[in-house]
Amino acid sequence: MFDPRHLRDAFGTFLTGVTVVACREGNGTPRGFTANSFTSVSLNPPLLLICVDRSAESFDVFTNSDGFAVNILTEDQAHLADLFASKRPDKFEIARWREGRMGCPILEGVCAWFECKRNMTLEAGDHVIIVGEIQHYGSTDSIGLGYVRGGYMSLGLERSAAKAAGNGFHVVVGAIIEHEGRILLYEDEKSGELYVPASGLDGEKGSLQKFQSDMQAQGIRLTVSSLFAVFENEENEQQSIYYRAFAESVGSRGGDFRTFGEIPWDRICNHAVKTMVHRYVSESGRHRFGIYFGSDRDGSVETLVK
Ligand SMILES: Cc1cc2nc3c(=O)[nH]c(=O)nc-3n(C[C@H](O)[C@H](O)[C@H](O)COP(=O)(O)O)c2cc1C
């Protein structure tokens, strides 16, 4: 038997979009839950599927309902993903929605929506696969919200970072690397100062690719998760870009991973890096990560939740 937590983490490496699946109970009450198990299945006939957990409160409602709608969330609708993943009874009083032609709830401002007739229900372990035949749909050119390793991500914000890197400053690219609840900090042997690993600190232009291969050479195989901070230092004309990353494996030369409680804050090399690591520690507790844009002194954190 596999360790369920470990297996869930392995599944979580697959980057998906996020949807809200919604239907009406027999008495007309709207019901909905957040789902990333959405898959497009067939064009002809037009089919899609979603998987419903047997332990979901709305399990019976969905497996018995004749129809349902799948709403694909945009990158600024993470608050709706959270709302519909909760057990709140007032989900449809908070979210703005309208009724589709079949009566299913269509959320306002979504990337795309599909109103379906239930076509098939397949038993699948602790979930049930519901296949829907699309009756009506609509789509826009908005960018969808992403989900990976238990956190939301936004391609739009990632792109702003890429643009920011084109300002002619010297580029440093690094990551806060986590492994089993610890993060990697390197120590400068002479000064004893601690650094978050990055490429470009040696004076050569940093890049994500270079950073990943530098880490690989240290015996650390990385999965980069999402952008975490973009800041510039006007004085030394340096642009820093830091991501969140996970070490899949850590070789013997893997550096010094420390638990959050073991971080010697006063030895962190500079104010900007200290603030960044501090934010990482506090956001980890809430499983919600923002992206910092600004200078090494002043800026703002953009979050995916309004
Ligand atoms: C990003 C994300 C994706 C999820 N995907 C699914 C899914 O595909 N199927 C599922 O049954 N639950 C999924 N869940 C969990 C449900 O949204 C959550 O259990 C919800 O409370 C169910 O609502 P209910 O118990 O009121 O029916 C997901 C949650 C999140 C945050």
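# Questions on a predicted two-domain model

There are 7 helices and 21 strands in this protein, and the model is a predicted one.

User: What size of box do the C-alpha atoms of the protein fill, and what share of its residues count as buried?
Analyst: The box is taken along the principal axes, and its sides are roughly 70 × 45 × 35 Å. The protein has 306 residues, and the share that counts as buried is 44%.

User: How far apart do the C-alpha centres of domain 1 and domain 2 lie?
Analyst: Domain 1 covers residues 4–148 and domain 2 covers 157–302. Between the C-alpha centres of domain 1 and domain 2 the distance is 35 Å.

User: Why is strand E6 largely enclosed by the rest of the structure?
Analyst: In general, side chains of a regular strand alternate between the two faces of the sheet. On one side of E6, Gly-67, Ala-69 and Asn-71 are buried, and on the other side Phe-68, Val-70 and Ile-72 are buried as well. Strand E6 is largely enclosed because, of its 6 residues (67–72), the number buried is 6.

User: Which residue in E9 is the bridge partner of Phe-68?
Analyst: E6 pairs with strand E9 (residues 112–124) through 6 bridges in the antiparallel sense. Within E9, the partner of Phe-68 is Cys-116.

User: Which residue stands opposite Ala-69 in E6?
Analyst: Strand E2 (residues 19–24) runs antiparallel to E6, and 4 bridges join them. The residue opposite Ala-69 is Ala-22.

User: What share of the ligand's accessible area does the protein cover?
Analyst: Polar contacts to the ligand include one from a side-chain N or O atom of Lys-87, at 2.4 Å from a ligand oxygen atom. Backbone N or O atoms also take part: that of Thr-34 lies 2.8 Å from an oxygen atom of the ligand, and that of Cys-51 lies 2.8 Å from a nitrogen atom of the ligand. On its own the ligand has 640 Å² of accessible area, and the share covered by the protein is 84%.

User: Which elements give two or more residues to the shell around the ligand?
Analyst: The shell has 18 residues, and those that come nearest are Thr-34, Ser-37, Asp-53, Ser-58 and Lys-87. By class, the shell divides into 9 nonpolar, 5 polar and 4 charged residues. The elements that give two or more residues are strand E3 (30–35), strand E5 (47–53) and helix H3 (78–85).

User: Does Arg-279 count as buried or exposed?
Analyst: Arg-279 is found in helix H7 (residues 271–286). The cut-off for buried is under 20% relative accessible area. Arg-279 has 12% relative accessibility, so this residue counts as buried.

User: Which backbone oxygen does the side chain of Arg-279 reach at 2.6 Å?
Analyst: Arg-279 has polar contacts that include the backbone oxygen of Gly-290, which lies 3.0 Å from a polar atom of the Arg-279 side chain. The one at 2.6 Å is the backbone oxygen of Phe-228.

User: Which strands stand at the edges of the open sheet E1-E11-E12?
Analyst: This open sheet has 3 strands, with antiparallel pairing. The edge strands have a single partner strand each, so one side of each is left without a neighbour in the sheet; they are E1 (16–17) and E12 (151–153).

User: Which residue in E11 does Gly-17 stand opposite?
Analyst: E1 and strand E11 (residues 146–148) run antiparallel and are joined by 2 bridges. In E11, the residue opposite Gly-17 is Gly-146.

Notes: Residues numbered from 1 in each chain as written. Predicted model: local features only at pLDDT ≥ 70, side-chain atom pairs only at ≥ 80, totals over all residues. Heavy atoms only, no water. Buried < 20%, exposed > 50% of the residue type's maximum accessible area, 1.4 Å probe, protein only. Pairing = 2+ DSSP bridges. Domains from an automatic or database assignment. Near = heavy atom within 4 Å. Polar contact = N/O pair within 3.5 Å; in protein donor to acceptor, adjacent residues only side chain to side chain. Areas by Shrake-Rupley, 256 points an atom, 1.4 Å probe, with all protein chains shown as cover. Nonpolar A, V, L, I, M, F, W, Y, C, P; charged D, E, K, R; others polar.
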